[in-house]
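This report looks at one helix, its surroundings and a neighbouring strand. Please keep the sequence and the model in view while reading.

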Amino acid sequence: MMFLVTGYFNADKMNEKTDLEIDQIMATCEPHLQELYASEQVLMDMGLEPSMKQLKRESHQISITDEPVTESKEVMGSAFLIEALDMEDAVRIASIHPTTQVPEAESLGWRLEIRPVHYYRERE
């Protein structure tokens with residue numbers, strides 16, 4: 001089975017850190033990412049920029065906004081696709097990610113969501 005894992009962080013807390021502090025935290029992530037990749041169950045890993053556009057159909061028109069509908073200090077920062085036997089296995093694999101391993105993750109509001117993928121099509 002495939003699972004989409006999305007990572008979130010608290011933007012306000014991350015913005016309180018200097019670039020040097022962020023670089024130091026990210027450096028502590030690398031060994032955990034390498035272990036995650038070594039599992040050979042990560043099919044794709046993406047870091048996401050905070051900028052976004054939202055498209056929504058309203059009154060027979062497509063509206064485009066630069067902000068999410070809900071106000072939140074939490075931002076999606078990453079997404080990765082894994083292959084696992086079941087949800088329990090997906091949790092085991094995702095728990096290798098820096099979000100659960102790096103001590104600073106807690107104070108920065110890092111968290112993961114895991115969702116089963118019911119449809120996946122590769123580009124031909």
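What covers the buried residues of α3? In this predicted model, the cover includes β1 (2-10), α2 (19-38), β5, α4 (98-101) and β6 (111-116).

## The buried side of α3

The residues of α3 that count as buried are D89, A90, I93 and A94. Because the arc they cover around the axis is only 135 degrees, they lie on the same side of α3.

At the start of α3, there is a contact between side chain and backbone: a side-chain oxygen of D86 comes to within 3.3 Å of the backbone nitrogen of E88.

## The loop before α3

Between β5 (74-83) and α3 (87-94) runs a loop, and A84 is part of this loop. A84 is classed as buried because its relative accessibility, 4%, falls under the 20% cut-off.

When neighbours within four places in sequence are left aside, the residues in contact with A84 are M1, F3, Q41, D89, A90 and I93. Three of these partners, D89, A90 and I93, also appear among the buried residues of α3. By contrast, A27 is 57 residues from A84 in sequence, and their C-alpha atoms are 27 Å apart in space.

## Strand β1: F3

F3 belongs to strand β1 and has a relative accessible area of 1%, so F3 is buried. With neighbours within four places in sequence set aside, F3 is in contact with F80, L81, I82, A84, D86, M87, A90, I114, R115, P116 and V117. The list therefore includes A90, one of the buried residues of α3, as well as A84 in the loop that precedes this helix.

A position that lies elsewhere is Q24, which is 21 residues from F3 along the chain and separated from F3 by 29 Å between C-alpha atoms.

## Strand β1: T6 and the ring of Y8

T6 is also found in strand β1, and T6 is buried because its relative accessible area is 8%, under the 20% cut-off. Not counting residues up to four places away in sequence, T6 touches M76, S78, A79, R111, L112 and E113.

R111, one of the residues that T6 touches, has its charged end over the ring of Y8, at 4.4 Å from the centre of that ring. How many aromatic pairs does the count give? With ring centres required to lie within 6.5 Å of each other, the count of aromatic pairs comes to zero.

Methods:
Residues are numbered from 1 along each chain as its sequence is written. This is a predicted model: local features need pLDDT of at least 70, side-chain atom pairs count only at pLDDT 80 or more; totals for chains, interfaces and linings use all residues. Side-chain values use heavy atoms; hydrogens and water are left out. Helices (H or I, at least four residues) and strands (E, at least two) are DSSP runs, numbered from the N terminus. Buried means under 20% relative accessible area, exposed over 50%, partly exposed in between (1.4 Å probe, protein chains only). Contact means heavy atoms within 4.5 Å. The arc is that of the directions from the helix axis to the C-beta atoms. A polar contact is a pair of N or O atoms within 3.5 Å; within protein, one must be able to donate a hydrogen and the other to accept it, and residues adjacent in sequence count only if both atoms are side-chain atoms. Rings of Phe, Tyr and Trp (its six-membered ring) pair if their centres lie within 6.5 Å; planes under 30 degrees apart count as stacked, over 60 as edge-to-face and the rest as tilted. A charge sits over a ring if NZ of Lys or CZ of Arg is within 6 Å of the ring centre and within 35 degrees of the ring normal.
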